[in-house]
Amino acid sequence: MKVLVTGGLGFIGSHTVVALQEKGYEVVIIDNLSNSDISVLDGITRITGVRPEFEKTDLRDKAKVIDFFNRYNDIEGIIHFAASKAVNESVHQPLLYYENNIGTLIYLLQQMQEKAVRNFIFSSSCTVYGEPDTLPITESAPVKPALSPYGNTKQIGEEIIRDTAKAYPKFKSIALRYFNPIGAHPSGHIGELPLGVPQNLVPFVTQTAAGIREVLSVFGDDYSTPDGTAIRDYIHVVDLAESHVIALERLFENRQKTNFEIFNIGTGRGSSVMEIIKTFEKVNTLKLNYKIVGRREGDVTAVWADTDLAEKELGWKARLTMEDALRDAWHWQQNISAK
Ligand code: WQD
């Protein structure tokens with residue numbers, strides 16, 4: 001079976017391509033390389049021994065999307081990662097985010113109807129919950145007004161898919177609401193490749209440990225949490241990748257309850273920034289240079305997932321630990337720093 005993975009050279013996309021290939025699926029990747037590197041294709045091939053088909057295409061070009069589906073008429077399912085995802089950048093460049101994250105989704109869904117491609121996995125985010133009222137967060141928690149245009153594109157994306165599923169009963173889709181993906185493939189051949197100064201915590205941690213960044217700034221230690229630093233649900237990217245394959249197979253085998261389902265993909269455990277720092281130091285036997293600074297605008301105090309629904313319906317649960325993720329993240333950082 002052939003699966004299209006858009007954004008398949010990105011952080012989560014590349015790990016999902018590996019997981020798909022390991023389950024015997026043929027993979028074709030579309031990526032415009034705006035936030036990834038062609039060398040990731042070599043990394044995937046080194047891990048699985050199978051080089052995925054690759055098309056450098058910008059999904060914002062509707063004619064190119066149509067052309068792709070005219071040339072590939074054996075796609076059984078699509079996992080859609082390709083999107084801009086920097087929260088802060090989205091505040092300053094909202095139209096870039098609406099064009100890239102919404103426009104491309106619409107072109108893909110249109111082609112799916114045209115070509116009778118029935119199975120669609122959507123990369124969503126816990127950002128849709130905003131500052132949650134209760135923890136852990138379940139899928140029935142209210143979607144709050146988005147705190148950023150990025151978060152809004154995920155909310156709008158889910159609504160577009162919901163309406164598409166209502167209009168086209170044969171179309172089947174699952175949205176996976178990720179919490180905080182971290183780590184890298186244990187082989188050290190693929191991992192996170194942030195362009196420029198990392199926005200996210202763990203790549204900044206590993207770049208600080210590698211001497212690329214002088215010091216890690218901890219954004220606030222005055223939150224109402226046990227150690228004062230903010231809490232998130234950090235999930236190993238390999239576990240996250242596997243959840244996509246399991247979700248897609250639910251659709252292939254018609255095990256879905258409705259033709260649009262939503263699942264939280266997290267570990268169900270919250271960890272603070274300081275716990276990440278201390279665990280990183282412990283598993284990698286090193287000292288990290290960090291300082292406490294003021295809070296970052298838009299950050300929420302605490303967010304972690306209730307993962308019962310994914311466990312019950314998908315039969316999926318995170319297996320790897322935060323220690324595994326922080327060890328793998330450092331292994332990957334050392335590999336790319338050595339290049
Ligand atoms: C985690 C914690 C920061 C950097 C974002 C998106 C979310 C998803 C994951 C796409 C926070 C603190 C961070 C630093 C720090 N992306 N931090 N110093 O903001 O929880 O989630 O990325 O789907 O949608 O919103 O992740 O890694 O940026 O921050 O202290 O240099 O680390 O304040 O508490 P976040 P993050």
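A residue counts as near a molecule or strand if one of its heavy atoms lies within 4 Å of it. By that rule 18 residues surround the ligand, and Thr 127, Tyr 150, Ser 217, Arg 232 and Asp 299 come nearest. This is a predicted model, where local features need pLDDT of at least 70 and side-chain atom pairs pLDDT 80 or more, while totals for chains, interfaces and linings use all residues. Numbering starts from 1 along each chain as its sequence is written, and side-chain values use heavy atoms, with hydrogens and water left out.

**Around the ligand**
- Asp 299 puts a polar side-chain atom 2.6 Å from a ligand oxygen.
- For Arg 296, a side-chain N or O atom is 2.9 Å from an oxygen atom of the ligand, and for Ser 125 a polar side-chain atom lies 3.1 Å from one; a polar contact here is a pair of N or O atoms within 3.5 Å.
- The protein covers 90% of the ligand's own 680 Å² of accessible area (Shrake-Rupley, 1.4 Å probe).
- Strand S8 (residues 216–219) gives the largest share of the shell, four residues.

**The sheet**
- Seven strands make an open, parallel sheet, ordered S3-S2-S1-S4-S5-S6-S11; strands are DSSP E runs of at least two residues, helices H or I runs of at least four, numbered from the N terminus, and two strands pair if DSSP finds at least two bridges between them.
- S3 (53–56) and S11 (260–265) are the edge strands with a single partner each, so one side of each lacks a neighbour in the sheet.
- Four bridges join S4 (residues 75–80) to S5 (residues 119–125), running parallel.

Notes:
Polar contact = N/O pair within 3.5 Å; in protein donor to acceptor, adjacent residues only side chain to side chain.
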